[in-house]
Every structure is written in C-alpha cells, then in structure tokens.
Amino acid sequence: MMLFMDLKISRWLEAFYEQNNDLITLPGNAVLSDINGDGNYNLIINDIKLDKNRSRMRIYKGTSSSDFPLPDVPNSIISFYTDELEPRIPAIAVACGCSLYIYKNNKPFYKFQLPKCQGLPEEIDAWKKVFDVKADISDQIVDELVKDLSALPFQSLANRSQEVLTTNKSRIPDIVKRINVNDISKEYPITCMDTLNRNSNDKDDVSCPVIATEAGNIYILDPQTFNILHQANTDRTKVIPFSIKATGTFNVDFRIMIACRQGHICVLRRNWLEGKNIIQMNSNIVDFVILPEDNFIVVATTDKMINCFTKRGQRLWSVKLSQTITCLCLVQIGHIRVNLYGVGLDNGLIQLYQGRNIVDQTTVSDVPSVILFGPLGQEEHALSIITKAGTVIFRILKRTADFSVPNTENVPQFQTKPLPLPKRSKLFLEHSMRERESAVDIHQSFQKDLLKLRLDVAKSLLQYKSNENEIANFKGYLKLSAQVLGIGTKFTVIFTLENLDSTKPLNGVSMVLHVKPYNYICSKNRVLIPLLLPVSSYKVKVGIQEVIHEDQIHASKMGEVCVIRIFIIHENNPQTQPLLAATVTMPMSDNSLV
C-alpha cells in the first residue's frame, strides 16, 4: 500500500537555472564540497567529453562557475578530508582511467596509479619465446606470437598483447623491441569510488578513498600517504562494479556495498578479502542508496521497480513506477530527522519517497541525469539537478517543509473499521481465569510439548538423511551368503553377494569385516565390490587366521561361540545405515592341531 501526501504544495524555491548544451555528466561524476574551507559549499561536476575536446572539471560557486581541464576522460569524483589542520580544506579526487588525480586548493596535489595486474601465464610464456630471439625476429616467430595470443580471451590480455593483435603485422617487431617482460601486465580502469570515514561518523572527519576497478578489485587508500590500506575482491566470480557505497568507520567496523553490472549487489566487511553476493536482481540496476539508521538498501532497476532490502539481503517490499528511472539520491533532512530518497524519472519528474510512500515531487524541463541533495552555498538543504541536455538547476528546500506521512488520511475504508471481535462468553472467561492462575504450569507444559516436537522433527530428519541416497533402495534386493572352508587354525571364507534387482545395477559399495582382534586376524578387512549388474553375483575370498592362546583353548572347551560380522556399506557415504548386515558363526578349531 502506498500513501500519497498533498503533492500540489510547493516545498522548493527556485534558486538557479542555467542551460548549457555542452555539459555532459553521469551519476557519480558530481559532488558537493566546501573546497575553500569557508563554509560555502560548491557543486563540482565532471564534464565528460569523448571527442577531440578535453574533459573539464566545472565548479559552481553560487551563480558563477569556473572550470579547468582534466588529463583524461573522468568516470568518478569524490571529496574527502586528508587531515585535521585548520582551515579544513577537503581534497577532490577524480578517477581517470587507471589513475586517481587529487586536487587541493583548486590545484593538482597528488597522482595515484593503480597497481598493475600480472598477465596470464600462457600469455607470458608466449612473450618469453619472442624475447629469447629479440635481436632477430622472423615472420615465423611473429606468426606464432599472434597465434598464441589469439587463442586467449582478448579482454583478459595485457595492453601490449591487445596492441599486437590490433596493429599491422609489420609493426609487431618494433613493438617487441621497445618492451620487456615486465611490460606484459594488465591495467584495469577505475569504475566507481566512495569515501569511508576513518575514526568517527562526523561529516568532516578524515576519510579514506574507496576505489573499485573493472576487474572487481576494491582498494581502500590512506588519505595522507595514499598507500593501500586494504585490498579485496568484490566477489568470487567475475563481476564489474559500477556503484559503491561505504558505511561505518575504517578503524572500527565498516560495510561496503557494491552494485555490479551483472545485477548483483555484494557486501564487503572489515578484514574480508572477498565480498559476498547478498542480492541478485532479475534486471539491470540503475543505482542504489543506503538509508541511515535502519541500513535498508533501496535499489532502482531498469524495469521501473524500486526494491527495498535489509542489510542481509532480505526483500522487504517493492514498488512499481509508471516511468523509467534515470537516477537516485539520498535526501537527509537533519533538523526534522527525516531520511528520504529522491527518484528521477525520464518524464522530467523527481519524486521523494519515505519508505514506499511518496511525500513530494518536483518537475524539471528535461530528463534528470544526476540529482544531489545537501548543503549548497550557505543553504543547508538544497537540491542540485543536472539534466541530460546540460541544464543545471538549484532548488532550495523551504524551512517550513513538512514530510510527515499521515496515518489515516487516504487510507482505504475497510482498514479504518475495527475487527468484528466476538462477545466474551462464559467459557472464555473461565479459560482466562485458569490461564492466570496456572500460568507457570501451562508454560512448562507448552515448553515440554515444544521440546518433544523438536525431538520428533530431528529424528525424522535424521531418518530422512539416512534414507535419502538412491542406494538405499537396494536393501531389499541384496543377498549375502558365506561358505567356511578349513578345520583350523586357518580358514578360507567365500562370500557371495547377489544383486536380485532385475532393472538397476549396484555400484559404489564395499564389504567390511568386523572381528575381535584377540580371536581372529583377517587377510583384508575391507573389500571394494565392483559394478554388479542386475541379477548377478560376485564372490570374495578372505583368509582368516585364528589366534590361539591358553585362554581361548579354555574358552573353546566351555563352548564359547566366535562370530564374524559383515557389513555392506555405501562407499560415498559410509556414515549412513548399512545396506546389509550379516553374522557368520566360525567353527571351533581342532585342539589337536594346536
């Protein structure tokens, strides 16, 4: 059920509107940050250019803007504090390819390069053959190199190997001469980033950059030295992250949620070297947010659905929207303690939800590409919107805005009526009196019955586990006979195992002999039975040596009977109930032979 508030009431003030057809950006490429440390928050956007024009970083300060070029095409941007020095000036990190460029005070500050991944073993072997004859490279060697590299997956090859396969054959010797075996490595670009507080949950605490690569590697960097503090994999399978959210603190406990292009959402916790897949969506994921306090995960998908999950991956509810979802953002309003999330739709509508209930909506003239909510300038709560056409819009939340969801307004009529409870009868009153007087006895009786029920269930489960193997169906179709040869002290026992079933063969069983060691010694205590075809038999000869000592001679005179126990068990699961058990009574040895 979805509750609707009065959506005609305007809760926003139009603060800025700029139409710029040259601006192109994507989710994860915009951030709000106090880059000058003066309390005025600016909107920083990566203007992505894929043509001959260079990508630029645009900074909106109030109604004015400035920009400067970036070294490569960006794919993500974050803002974090590197130290606790005053004034508190954050750093801006922009991911371009395999490099992380850090800016501070609007100037380049540091460049971090991702570690290279070693190439495939088969790929390195192919290159070593070429390096051995690097001085004289013939066409035959070039053909062998191309043939060996073509047999490997192209996307897993190192950059140099991909260059060899895509270039002209005549240029390959020149490529080989200017590289060595250390250059045969694979570089994976950065796909998404986030920040993780180091010591506390304060918004201005020192934060660690969290980086995800196309290979599924997750790196947590030191904010001062930019060394790798922790490295892990997203999942045991090959997945590609595209959105990442981190909660908690690095020095205490943290939880990193990673959305992948394959429709997975994985979780990575402290000291884990590999993430765990907790959510599997049936359609592609647009984006997701983590609601504070409850840590609920709200996921938007391309099939116009909003899904809510717990932090363990259990689905709570789903909402079907009328339009395709283009973007998602978290809306935290601190002074009224309300946590919402905004949903951008392809018809230009931006809706705000509290749980599954829509509480507000606003409209823009174009399809929203990125929406951000947070401090902007001197305002604490502002909505920043960037559309696909390049329009930048700032809207300020009114201080009188109320997002409380009514409890009974617009609720269906049948939910407001009380349940038709029956009248209190004399029998009901007598039962209530008895329950109050004998509460302890009733509770103990209930616990006794509950424990008995659990015991019966456990017994049934154990019996089911014992009989779940198909081999158990042979219990009524097995026959074992034994023939004892000899008068002592050495015997030969011939066992005959017959499969009486006319349709199923018997396979994977063995025969185990159990004797008392002070009475007999068997030549072999376990015999593996080969495949028994339907209506066939198999004979096994086992030598048995009787152990003779004075006590046993005395026992034989007293008439003590010695036996051998035989068990037919399933080889793959020997702990289950035996398929067949038998006992062979051994004859007494002639004392004159002792």
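This is a short exchange on a predicted model, covering backbone outliers and a pocket.

Visitor: Why is F226 called buried?
Guide: Buried means under 20% relative accessible area. F226 has 2% relative accessibility, so F226 counts as buried. Its place is in the loop between β14 (217–221) and β15 (228–233).

Visitor: What makes the phi of F226 worth a remark?
Guide: Its sign. Most residues other than glycine have a negative phi. F226 is not a glycine, yet its phi is near 60°, a positive value.

Visitor: Why is N105 called partly exposed?
Guide: Partly exposed lies between the buried cut-off of 20% and the exposed cut-off of 50%. N105 is at 44% relative accessibility, so N105 counts as partly exposed. N105 sits in the loop between β8 (99–104) and β9 (107–113). N105 also has a positive phi, about 55°, although it is not a glycine.

Visitor: How do you know which form the peptide bond from E86 to P87 takes?
Guide: From omega. The value is near -5°, and the bond is cis. Most peptide bonds are trans. P87 lies in the loop between β6 (74–80) and β7 (91–96).

Visitor: What makes up the lining of the second largest pocket, by class?
Guide: There are 7 nonpolar, 3 polar and 3 charged residues. Asp counts as charged, so D294 in that lining is charged. Gly counts as polar, so G355 is polar.

Visitor: What is the volume of the second largest pocket, and which residues are closest to its centre?
Guide: The volume is about 230 Å³. Of the 13 lining residues, L291, D294, N339, Q354 and G355 are closest to the centre. β23 (315–320) and β25 (338–345) each supply at least two residues of the lining.

Key:
Residues numbered from 1 in each chain as written. Predicted model: local features only at pLDDT ≥ 70, side-chain atom pairs only at ≥ 80, totals over all residues. Heavy atoms only, no water. 1 Å grid on protein atoms, 1.4 Å probe; cavity = no way out; pocket = protein on both sides within 12 Å on 5 of 7 lines; lining within 4 Å. Points joined across faces, edges and corners; volume = space filled by probe spheres on them. Helix = DSSP H or I, 4+ residues; strand = E, 2+ residues; numbered from the N terminus. Buried < 20%, exposed > 50% of the residue type's maximum accessible area, 1.4 Å probe, protein only.
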